[in-house]
Every structure is written in C-alpha cells, then in structure tokens.
There are 2 protein chains.
Amino acid sequence: MDKFRIAILGCGTVGGGVAKIILEQAQSLAIKSGKQIEIAKILDLFPTKSSVRHGIPLELFCGNGKDPAKEDMPKYTQEILDDKSIDLVIETIGGSSESLLNTVTGVLNSGKHLVTANKALLAKYNKTIIDTAFKNNKAVGFEAAVCGAIPIIKGINECFTGDEITCVQGIMNGTSNYILSKMANEGKSFADALKSAQEKGYAEADPTLDINGHDAGHKLIILLKLIYGLDVSVDELPIFGIDTITAEDTAFAKEIGAVIKLICFAKKENDGVYATVRPMMVRDENFLSEIDNATNAVKVTGKYSYENIMVGQGAGSTETGSAIVSDVVFIARYGTESLRNYPSQDLKFLSFDEMKIAYNITFEAEDMPGITGIITTAIGSENINIETVSHNVRTSGETAIFSIATMPCTFVQIQRAIEKIRQQNAKILRVDPKIIPILG
Amino acid sequence: MDKFRIAILGCGTVGGGVAKIILEQAQSLAIKSGKQIEIAKILDLFPTKSSVRHGIPLELFCGNGKDPAKEDMPKYTQEILDDKSIDLVIETIGGSSESLLNTVTGVLNSGKHLVTANKALLAKYNKTIIDTAFKNNKAVGFEAAVCGAIPIIKGINECFTGDEITCVQGIMNGTSNYILSKMANEGKSFADALKSAQEKGYAEADPTLDINGHDAGHKLIILLKLIYGLDVSVDELPIFGIDTITAEDTAFAKEIGAVIKLICFAKKENDGVYATVRPMMVRDENFLSEIDNATNAVKVTGKYSYENIMVGQGAGSTETGSAIVSDVVFIARYGTESLRNYPSQDLKFLSFDEMKIAYNITFEAEDMPGITGIITTAIGSENINIETVSHNVRTSGETAIFSIATMPCTFVQIQRAIEKIRQQNAKILRVDPKIIPILG
C-alpha cells in the first residue's frame, strides 16, 4: 500500500486532536483512504507539553526532543516544505497574518496538498489560496473551518450536488449560542451568561470575535464563495453581534414563540443573494430554535430536496480534529480531483435591508394614551402588516416598552415608519427601536 | 468538456425526478462534475404519461414516441447495455427479483457505472452487486436507497471518515413516523393514523413493508455493511413494526417524557455490534424525539466527534431524485475511485436481547392489593433497577395497567423477572407484558 505522509503545523487543541486520531486509527484510515497515512513531522513551539497532553511520541516533533526556539520556526517550516516525501501539510496555527498566508501558499507551491481549519485566513485570502492551489494542481481541504465536525463543506461540494441551494441558515458559533441559551433558558443577563461561558471554557479570555459575530461571519463568507461564487469581505457583510441582546429581548422573543439565536443567513432570489450575520428571533417550528448550548447546526434548503439539517459539534480537540482527518482521507483518496472550481453564477450581493422578512420591533416610548395607535398607524401607512403586538412592559419613569411583530417587510420600510413616528412627535420614542428579524 | 451519458431504467416518481433535475440543472451539474451530463435514454412502460408528468421530452424515451410493449422491455434494456456511449445506468424500477438483479449486474458487466435507489435489492444482494462492481472496475452509487435526500451514505463514506462510528440511531421510514406522530400529537389510534397517512399519500395502498419495519430494516442492513462490514439478512436482524403500538403505549411514553418512534439502531461494543429495528420510547432530550411527520433523521455517534445528526426528506420525487443526481455527479467526477472496499473488522453480530438499555414494561395485571409489590420485587430480584413506576390505568374487569421504566438492563433479565412473577401466581398477568426499549 502506498504511503501518504503528512506534516502538522501547530499542535495545540486542534492539531493535537488530529495527531491523536491519525495515530489511533491508522488501520481504519488505510482502509478508507487506500493509503497508509503517516505523520512525518509535527511543528510546535512546545512539543514536550503537547506530547504529554495529546499522547504523541516526542520524536515526531521538530526539535529533537526539545522545545524549539521561536526564531528556529521558519527553518523547521522550510525543512517540511523541502521534504519531498511529505504529501500534505495541515495548518492548525491560526491567525490571518500575511506571514501565515505565505506559509500556506508555500505549502502549495512546494507541491503539497493543504488542509486548514483557519476560517479567518480563508475568509480574508480565499482567492489567493485557491488560485495558488490550481496553479500547483494541489488540493485544499477546509472542512474544519466551518462548524467543526459538521460536514457542511463536503455536504455542499459532494452531497447536495444534485440540488440547487436556495437558502442557508446556520448557528455557526458555539460560544454565542451557549450565551444565548443561558439567557433564554435560565434568564441570565448577557454579562452573567458570558461569564458562565468563560468559566466552562466555551469562551476565550478575549471573546470579541465570538460576541461581535465576526467568527460566524468568516464562516458565512466561506460558504457564500462555495455555494454562490460570491467574493464578500468582512466589511461588506452586514454583521451584528449578540452583545446588544438583553433579557428583555429574550422575553419578547418568548412571547411570540421564538428564541434568539445568532444566525448566519444567505438566501438566493432571482439573480442575487441576500446575506447577513445577526441575532434573529427563531420561531419554535424552525429546528434551529432547538439547538442549545455550544452545538452548531446548519439548515440547507434546496429547490429539490427541501430542508436538510445538519447538527454537530462546532469546536473541540478531536471534534474539529476528526473533520481535518476526513479531509486528509478524502485528499489521499481522490487527490487534486477534489479541488473544485468555485461556481461563477454572476450573482449580485444584495442588501439585506431590502429583503422581505418578518421583524420584531421593540419600542421604548412615552407611556401615554394613544401611543400604540400612533405607532401602529405609522407602521400601517408604510404597508407593513402587523402580526402581533406584545404586552407592555411598564418601567418606572413613564416609559412603555412593547414589541410589534410584523409580517414580511423590508428593514427600509420599517425605518421609514419610525421616521414618520418621529416626525409626528420627536419625543415619543425614548431610544432607537430595536429591530430584530424573525425566522419562521 | 467531456460528455457523461446516462440512461434511466424506470421513470416513475423517482426516475422522473432524476430526469427533471438533470434537464433543469445541466449547466450547474457540468461545473460540479467537470463533465457534460446528458440523458441518453429513458426506459419506461408509459413514456407518454411520464413525459407529461415530469416534463421530459418524449424523444428521450425508448419506443419512438409510443408506449413500448411489455415484452419489448428486455430488448430495450439490452440496447442500453450495448450502447458504448453510455457511461452510467440509473435503476429506479424497484423490487428485488432475480431478474432485476440480473439487470443491474448486467449494467456493471457491460462496463457501465450503476446508481440505484433500491434498498430491497441491496439488502438482499449487496455482496453480489459489489463483487460484480469490483470485477468490472465500475462504481455503484446508492445514496438514495437510505433516507432519500439525507446524505447518510456519503456521510459515512466521505465525511465521517476521520471518526470511528460507535452508534447509529435513525428514523428511516417516513410512513411509520407519520403514523406515530399522528398518534402522539393528535391522540389518534393506529388504524386512524394509518388511514390519514394513506389519504395524504404518505402510505401505499399496501403499507406492509413500512408498518412491519422491513423497509427500515433494509436500510439498516445497508448501513451495517457500510459501517461495520457486517452481512446481516432480513431474517437475522430483529425487526419489529409499529402495528402493535396502541394509544396507551403512547400515553405511557408521554408519562416518562418520551415519544414512540420506529428506530433503526446499531451500537458497536468491543468486538461486536448490536442492531435492531423496533419501536422505542425516545426521551425528549434526544433530538430524534423532535422529528415529526414523514421527515427522516439519522444520529451518528463517533468516538471523536460526539453526535452528528442529519435531518431531511426520506422520500419524494425530486427529494430522492436529488440524491441520485448527487451520485451521478460524484461518479462522473471521481469514477471508480468512489467504489470502496467494505470494512472487514471481524465484528460479531450480537443479540440485542443481551444489550443493556433502559426498558419500559407495561403490565396488564390483576387489580389487587400488593400487585405492585409482587412485580417490583421480582424485577429487583433480577438486579434490575427501577427508574419510575407509572400511574395505574384502571380498566373495567379488575385489570390494572401500569408501566415500569427500568434503568439499563437486558431483555433477557426482564424475561426472567416476568417468569418469576408467573411462577408466583400464574394468573396475575392477564397478557404478556409489552417491553419497549427507552432511548435516552
């Protein structure tokens, strides 16, 4: 049986999981891939620690049994790139620096296949990496970059290929979903739920990218390219995080039979695609409302197969590791054939604010007779149909807080309605109304 | 671009869906597969009807625009096998006759790839078909044979390959799930729910294979071969249908926070695999409890990635059709490489009756003081821990009906406990207790 030799750059949580699985499953992986998959070399700053943590023989690491000096890393990387016996390199270092981009394009330029879990790097340099892969006729696997163990990349590339994907809805960030679940199920405030996530190890010490939606945004950007051939940058994608969500929003969601989730959303209509990442109120009848804690889920709607839902673990050492190993098996078996041209459908990237969807609008208004009439009249005058008006939450200081759930309309229509309310009485609205889409 | 020419044998619900998708998606399929996928010929008994129903040009059918005579079918089939320009044949005729086996092996022997949705044929002749494929170095696709649009076959073969699958739980028969949902959610009797399924078109006029669990059994047999390399026949697999489930069982399930589902179950333990198809009480915390109506779902548990759940449509014209087209794309792209050796892990096929799992036992007993004591004492004496004892349902005629939910134990232990009760008083149990596993 032919050998298929791999190197691993970065042996932290994910890289260590990969090494562990490849060592434990050698025989089974050989049957699945048709090749003897072998770890040639692992590069990490702390082999002595990594070796113990993941149960990996120390001699597999660069550095001859010692922790290599930081300044020697480029030399070791180059040794791996120069090693003609290595077929594939796994990048599990993380980050999106230009230097890391040079490393991964270096892998491809040295005639090796590449597997990476790095969503930030792909979201930023997708085109450069894929172009380099085609130039060298080498494959790139990135199953682990989107939703960890959920096979959404192979799902799109290899499984739902008999369909035309019209809509994607996903819970793709475990940390924010854990926080939102705690808020919905235990009535916690955002701050308390975040603290609990950090204590449980679901959130990093600096959870910025999870909380502000950008981690989820990176994943959606990868999917937009994969499914629709769209090049969208982080700046172009409308991304909103969960840090503005309050216990009150959670309660208003409950009142309309929904829970708040951070949703990655893309929808094709005619010759364009609407896409956004933002908190949405997901109705109970939508399966995504059931996905709690750090679990991820993606719902793919197709023209022919209706709804396909995949649920699984979006993070974790062996969870994400197993996704990377599945890429190794796939590339060992099918080689460069697995490198696909991205579709070029000449689709436009459309503004989500112009898409028709139901919204929940929470008003903090002066608590006076006739206030509901003023607001609902303004909404009606913009041709927005109202589905329900929530119960008032009265606070001290003569402020009434209540929510209106609309039938499908655009964000732009809602903004015009709010403008009308303000024109009528500039002081009626105490703060800007909070506008959250409702996902049926 | 190279052409990839296909023929379709049988243009009913599924075959028609396939043709429709291939005609509508020609351009997109070419990008995905790298080949121009083209329908060379369709063989069906009623082209004039099929052509209208699915919007397929009549000239694609055998018979020169007329419905071919039944006795001419072998001649037309042979013409397709002899046509060297055809790369792949799709079998959507159905049935598991020896004559159909000869047709599909004929496809492979004539040097063409094969795609089939035929679970009954595969469950019966798996080995023959795969051996013939290897002999001719041709691929076999059967994504559509198990759970329609859910990509469980490619899931196992291509996606979860970085994992070791330890357990599979699935709702794989839409008809029976529809019936059980109606019983659970609307309190219908089995007979009324079946009637509703037939009216809605979810159940055939003869629903035997759906109701008795054999259709689900065929699917599990295919998965057992794929995941564990086990050859299990319909006679060897313990299969129980849903026709014995009553409104009372549904109520007892509700009392322990569960719903009854027809579950395809396989679990690897050490050097063996337990497998069965039968109604189980699925607890609310198990995602499968949420799967209602005709929807299918499979939960795959792996050593490294924990739980992966896939939900989708298990039947339907374009739903199943899209799964077949995904096989066509995969084979057009990867060719015979996609034909995998089944794993040979030398695993034993173990008796489910020896597996430890929680059970719900419903007793119909003489309504006399001390009856609960007699029964629970007998159960305890067999080292079975009791989790809950349900409320009694008292019927006229001095019969008490109640359920006991056990902690994990074996069916064999329960049988011994029942034997003890009978030894103590032969008349205490009015009928054989109903024993249903509980899935946590």
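Where the two chains of this predicted model meet, A:Val311 stands opposite B:Ile309, a residue of strand S10 of chain B. This pair belongs to a pairing that crosses from one chain to the other, in which strand S10 of chain A, residues 306–313, and S10(B) run in the antiparallel sense over three bridges. The model as a whole scores ipTM 0.96 and pTM 0.96, and chain A averages a pLDDT of 95, with 99% of its residues scoring at least 70.

Around that strand pairing lies the wider interface, where 45 residues of chain B are in contact with 45 residues of chain A. On the side of chain B that touches chain A, at least two residues each are supplied by helix H2 (26–33), helix H7 (152–159), strand S10 (306–313) and helix H13. The largest share, twelve residues, comes from H13(B). Sorted by character, the residues of this side of chain B divide into 20 nonpolar, 15 polar and ten charged.

Helix H13 of chain B deserves a separate look. It covers residues 317–334, and its 18 residues reach 26 Å from the first C-alpha to the last, close to the 26 Å expected at 1.5 Å a residue. H13(B) is also mostly covered, since 17 of its 18 residues are buried. Just after the end of H13(B) comes B:Gly335, which takes a positive phi of about 60 degrees.

Elsewhere in chain B, strand S7, residues 258–269, is likewise mostly covered, with ten of its twelve residues buried. S7(B) has an antiparallel partner in strand S6 of chain B, residues 165–171, to which four bridges join it; within this pairing, B:Val168 has B:Ala266 of S7(B) as its bridge partner. S7(B) also pairs with strand S8 of chain B, residues 272–283, in the antiparallel sense over twelve bridges, and here B:Phe265 stands opposite B:Thr276 in S8(B). S7(B) and S8(B) form a hairpin with two residues between them, and in the turn B:Asn270 has a positive phi of about 55 degrees. As a general point for reading such strands, the side chains in a regular strand alternate between the two faces of the sheet.

A further sheet of chain B is built with parallel pairing: five strands form an open sheet in the order S2-S1-S3-S4-S5. Its edge strands are S2 (36–43) and S5 (140–141) of chain B, each of which pairs on one side only. Strand S1 of chain B, residues 3–9, pairs with the edge strand S2(B) in the parallel sense over seven bridges, and B:Ile8 stands opposite B:Ile42 in S2(B).

Turning from these elements to an entire chain, chain A has 15 helices and 16 strands, and its C-alpha atoms fill a box of roughly 80 × 45 × 35 Å, taken along the principal axes. Because a compact globule of 440 residues would have a radius of gyration near 22 Å, the 24 Å of chain A agrees with that expectation. Buried residues make up 51% of the 440 residues in chain A. Among the contacts in chain A with a separation of 6 or more, 74% are between residues 24 or more positions apart along the chain.

Conventions
Residues are numbered from 1 along each chain as its sequence is written. Chains are lettered from A and ligands numbered from 1 in the order in which they are written. The radius of gyration is taken over C-alpha atoms; the globule rule is 2.2 Å times the number of residues to the power 0.38. A residue is buried if 20 or more other C-beta atoms lie within 10 Å of its own, exposed if 12 or fewer, and partly exposed in between; C-beta atoms are placed from the backbone. Two residues are in contact if their C-beta atoms, placed from the backbone, lie within 7 Å. The expected span of a helix is 1.5 Å times one less than its number of residues. pLDDT is the predictor's confidence in each residue, from 0 to 100. Ala, Val, Leu, Ile, Met, Phe, Trp, Tyr, Cys and Pro count as nonpolar, Asp, Glu, Lys and Arg as charged, and the others, Gly among them, as polar. Two strands pair if DSSP finds at least two bridges between them.
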